[in-house]
Structures are given as C-alpha cells and as structure tokens.
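Student: Could you take me on a close look at one part of this structure, the sheet and what surrounds the strands? I'd love one connected explanation that I can follow while I look.

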Amino acid sequence: MTTPGYDAVQVVNVVNQHFLRSDAKDFAGARALWAEELTVDFGGLNPDAEGRVSAEDMERSARELVGPVTVTQHMISNHVVTIDGDDATVSFYEQALHHHPALGGDASVNTWTLYGRGEFRLHLTAAGWKITAQRLIAVHTVGNPNLLTDVAAMSD
C-alpha cells in the first residue's frame with residue numbers, strides 16, 4: 001500500500017522525468033510516461049497537439065517540433081501535488097529555454113525562453129503513474145517567439 005507522501009514523490013518524479021527525457025530528445029522515453037490518450041492544452045503554442053491526442057501523435061509532434069531544436073532546457077519548480085485516490089494533479093512553474101545557433105548570433109533571434117505555469121494530471125495504473133493531461137499557461141516570453149517555426153523552416 002502506498003501513502004500520500006510516497007505517491008506525491010512518485011508523481012513529481014514522473015513530471016520531472018517527462019521534461020528531462022524531452023530535453024534529452026528521448027521522445028520514446030517521454031511517451032512511456034503518458035497514458036495512451038492525453039488531454040493537452042499548450043495555450044495555443046502547439047496547435048497540432050491540442051485537445052484529446054494519442055500518445056503516438058504526442059510523440060510525433062514533440063519529435064517534429066522540439067527534436068530539431070539544438071538546445072532545450074525545462075526548469076520546473078514549486079511543485080504542488082494533490083492526490084485523490086488513483087488520480088493526481090501536479091501544478092508547477094516552468095522556465096523553458098529553446099536555442100538554435102544556426103539561426104545566427106543574435107540571442108533575440110536564436111533563443112526563446114518561455115516562462116509559465118503548468119499542470120499535469122496523472123492516473124495510477126498497474127505500470128505506475130501515467131500522465132493523462134498537460135496544461136501550460138504562458139506568462140512571459142523573452143527572445144524569438146517564432147523560434148520553433150524558424151527552426152522547422154530550416155529543415156524544409
């Protein structure tokens with residue numbers, strides 16, 4: 001039997017693993033943390049992966065959108081966990097750095113940093129806690145807000 005404190009540590013660990021694996025471009029590893037279907041709301045930042053999406057489509061979208069970006073670093077802090085039986089919610093602050101030197105030497109063009117508030121919902125399965133929903137509320141950005149699109153255009 002688990003305890004609320006143990007479960008809280010486990011769900012925070014899943015959230016942190018999600019971002020570490022994404023930054024490492026281990027999209028299959030990130031997918032292993034997701035339920036087969038997720039509800040996703042990135043606040044309009046990734047319209048191709050919004051609403052109810054399959055884990056397969058989420059992985060494809062992450063691979064295509066973030067995969068080509070040379071450097072990403074997500075710093076997650078201030079985790080607040082609520083456990084309700086086999087369901088959990090984790091709220092947190094997020095700072096997401098995106099950098100691609102091929103866009104030039106100017107940080108206002110080759111770097112985009114997003115500051116926001118995130119919320120993940122998770123469900124406890126026989127295989128452990130799985131992410132069932134992701135939500136991002138952008139608070140502020142610095143640099144090139146079109147960086148992801150600019151990097152994708154380089155690949156075309």
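Tutor: Happy to: we'll go through the sheet, then the helices on it, then some side chains.

A word on confidence before we begin. This is a predicted model, and the chain averages a pLDDT of 93, with 95% of the residues scoring at least 70. Confidence is highest in β4, at 98, and lowest in helix α5 (residues 147-155), at a mean of 89.

Now find the sheet. Six strands make up an open sheet, and reading across, their order is β2-β1-β6-β5-β4-β3, with mixed pairing. Who stands at the edges? Those places belong to β2 (51-54) and β3 (71-84). Each of these two has a single partner strand, so one side of each is left without a neighbour in the sheet. From one strand to the next, the twist averages 20°.

Let's walk across from the β2 edge. β2 and β1 run antiparallel and are joined by four bridges. To see one of the pairings, look for E37, whose bridge partner in β2 is S54. Next comes the step from β1 (residues 34-41) to β6 (residues 128-143): these strands run parallel, again with four bridges. Here V40 has Q134 in β6 as its bridge partner. Then go on to β5 (residues 111-125), which runs antiparallel to β6 and is joined to it by 14 bridges. G116 is a good place to pause, as it stands opposite A138 in β6. If you trace the chain from β5 to β6, you pass through a hairpin of two residues.

With the sheet in view, add the helices. α3 packs on the sheet and touches β1, β2 and β6. The direction of α3 makes about 60° with that of β1. Stay with α3 for a moment, because its side chains hold a nice story about charge, and accessibility is part of that story. E59 forms a salt bridge with R31, 3.2 Å from N to O. This pair links distant parts of the chain: R31 sits in helix α2 (residues 27-31) and E59 in helix α3 (residues 55-65), 28 residues apart. E59 also meets R63 in a salt bridge, at 2.6 Å from N to O. Those two both lie in α3, four residues apart, which is about one turn of the helix. Put together, R31, E59 and R63 are linked in a network of salt bridges.

Is each member of that network buried or exposed, or something in between? E59 has a relative accessibility of 11%, so E59 counts as buried, since the cut-off is under 20%. R31, at 26%, is partly exposed, and R63, at 41%, is partly exposed too. A further salt bridge in α3 joins R60 and E64, at 3.2 Å. R60 and E64 are likewise four residues apart, about one turn of the helix, and R60 is partly exposed at 37%. The count of salt bridges comes to four.

Finally, let's visit two histidines. H98 lies in strand β4 and is buried, with a relative accessible area of 5%. The side chain of H98 reaches the backbone oxygen of A96 at 3.3 Å. Although H98 and T111 are 13 residues apart along the chain, their C-alpha atoms are separated by 5.6 Å. Leaving out residues up to four places away in sequence, H98 touches several others, including V69, H74, N110, W112 and L148.

Where is H100? You'll find H100 in the loop between β4 (87-99) and α4 (107-110). H100 counts as buried, at 9% relative accessibility. A polar contact of 3.3 Å joins the side chain of H100 to that of T70. Setting aside neighbours within four places in sequence, the contacts of H100 include P68, N110, L147 and M154. Notice that N110 and L147 appear among the contacts of H98 and also among those of H100.

So, as you turn the model, try this route: start at the β2 edge, cross the sheet in the order β2-β1-β6-β5-β4-β3, then look for the R31, E59 and R63 network, and end at H98 in β4.

Conventions
Residues numbered from 1 in each chain as written. Predicted model: local features only at pLDDT ≥ 70, side-chain atom pairs only at ≥ 80, totals over all residues. Heavy atoms only, no water. Pairing = 2+ DSSP bridges. Salt bridge = Lys/Arg side-chain N within 4 Å of Asp/Glu carboxyl O. Buried < 20%, exposed > 50% of the residue type's maximum accessible area, 1.4 Å probe, protein only. Polar contact = N/O pair within 3.5 Å; in protein donor to acceptor, adjacent residues only side chain to side chain. Contact = heavy atoms within 4.5 Å. pLDDT = per-residue confidence, 0-100. Axes fitted to C-alpha atoms, helices over the stretch in contact; angles between N-to-C directions.
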